[in-house]
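Please walk through the structure below one part at a time. The text follows a few residues and elements and describes what surrounds each of them.

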Amino acid sequence: LKSALRNLTSAIALSAMLLAFCSPAHAQKQATIPRIGILRAGAPSKDGASDAFLQGLRDLGYVDRKNILFEIRYAEGNRERLRDLAIELVQLKVDAIYTGSSPAIFALKQATKTIPVVIVSSTDPVRSGIVASLASPGGNITGMSLIANDLWPKRLELIKEILPKVSRVAIFWNKSNTGMAAEAKATEEGAGLLGVTLHDRGVKDASELDVAFEAMSKERPDAFLALMDVPLRAHQKRILEFLARQRVPAIFESKDWVKAG
């Protein structure tokens, strides 16, 4: 999977560079070393996608500060910081920008209409208003969709298959992330078909975690379904420790949560 991600993100990034070099605004930069901006909502220690992306480029012979330049910016989970970093990358006049997660994408969407932006992943770029359509995105943004609206109801179905007696599931997500709203809605619709009652324990920021934990402690749900994005991943240890104390079966979107405990 990591190898595939490296190859895919490398191809996307290189396509973005070609788009940049073909536009009139960047015509005079063809003789210079391409400069690529990277904007991430989380922290470097949690950014496996960018690590794979950079390794993929190294495998293709692109070495930072030799034949390519990277301007990497991390918001460390701070949404306000994302906006400032997006503007900073635009002011640096990078040739293309690599990013992921709806908050970072929207920050760039507001900051530039001309610099090519390539997204490694997005919940639903069409419903969230990032692009016009998957076939013809329009504007300066392109990339990949996780099609998470289909995957999360499927994960709920897997919970039901593993634990047939499950009837109450706590759903946990970031309500400040507009892209995740569509995921939560699709999961709720799927729950009705499975005869499962969802307890919506979404939070707007980390300050609401304790409130959500307290509610779940009283409700004692049969299982826990987590729709995690970058800001919530920053609190991985805290979330996993709570689940361990409560002994609640949980399902996540990636194996790093399982490895972490």
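This is a predicted model. A starting point is the side chain of Asn140, which reaches the backbone oxygen of Thr112 at 3.4 Å. A polar atom of the Asn140 side chain also lies 2.8 Å from the backbone oxygen of Ile115. Asn140 itself sits in the loop between strand 4 (117-119) and strand 5 (141-143). Although it is in a loop, Asn140 counts as buried, because its relative accessibility is 14% and the cut-off for buried is under 20%. Leaving aside residues up to four places away in sequence, Asn140 touches Thr112, Lys113, Thr114, Ile115, Pro116 and Val117.

Val117 also appears among the contacts of Thr99. Thr99 belongs to strand 3, which covers residues 96-99. Its relative accessibility is 0%, so Thr99 counts as buried. Again without residues up to four places away in sequence, Thr99 touches Leu39, Arg40, Ala104, Ile105, Leu108, Val117, Val118, Ile119 and Val120.

Arg40 leads on to another buried residue, Ser50. Ser50 is placed in helix 2, residues 48-59. With 2% relative accessibility, Ser50 counts as buried. Ser50 and Arg40 are 10 residues apart in sequence, and their C-alpha atoms are 8.5 Å apart in space. Arg40 is one of the residues that Ser50 touches; the others are Ile38, Tyr74 and Tyr98, not counting residues up to four places away in sequence.

Next comes helix 3, which runs over residues 79-91 and has 13 residues. From its first C-alpha to its last, helix 3 reaches 19 Å, close to the 18 Å expected at 1.5 Å a residue. Which residues of helix 3 are buried? They are Leu82, Leu85, Ala86, Leu89 and Val90. These residues lie on the same side of helix 3, because they cover an arc of only 140° around the axis. The general background is that an α-helix has 3.6 residues a turn, so residues three or four places apart point the same way. The cover over the buried residues of helix 3 includes strand 1 (35-40), strand 2 (69-74), strand 3 and helix 4 (102-111).

Both ends of helix 3 can be described as well. At the N-terminal end, Asn78 acts as a cap: one of its side-chain oxygens lies 2.9 Å from the backbone nitrogen of Glu80. Helix 3 is followed by Lys93, which has a positive phi, near 60°.

The last stop is strand 6, residues 168-173. Why is strand 6 described as largely enclosed by the rest of the structure? Five of its six residues are buried, and therefore strand 6 is largely enclosed. From strand 6 the chain crosses through helix 6 (residues 178-194) to strand 7, and this β-α-β crossover is right-handed.

Strand 6 pairs with two strands described here. Strand 7 (residues 197-200) runs parallel to strand 6 and is joined to it by four bridges. In this pairing, Arg168 stands opposite Thr197 in strand 7. Strand 8 (residues 223-227) also runs parallel to strand 6, and five bridges join them. Here the bridge partner of Phe172 is Ala226 in strand 8.

Methods:
Residues are numbered from 1 along each chain as its sequence is written. This is a predicted model: local features need pLDDT of at least 70, side-chain atom pairs count only at pLDDT 80 or more; totals for chains, interfaces and linings use all residues. Side-chain values use heavy atoms; hydrogens and water are left out. Buried means under 20% relative accessible area, exposed over 50%, partly exposed in between (1.4 Å probe, protein chains only). A polar contact is a pair of N or O atoms within 3.5 Å; within protein, one must be able to donate a hydrogen and the other to accept it, and residues adjacent in sequence count only if both atoms are side-chain atoms. Contact means heavy atoms within 4.5 Å. The expected span of a helix is 1.5 Å times one less than its number of residues. The arc is that of the directions from the helix axis to the C-beta atoms. Two strands pair if DSSP finds at least two bridges between them. A crossover is right-handed if, with the strands pointing away from the viewer, the path from the first strand over the helix to the second runs clockwise.
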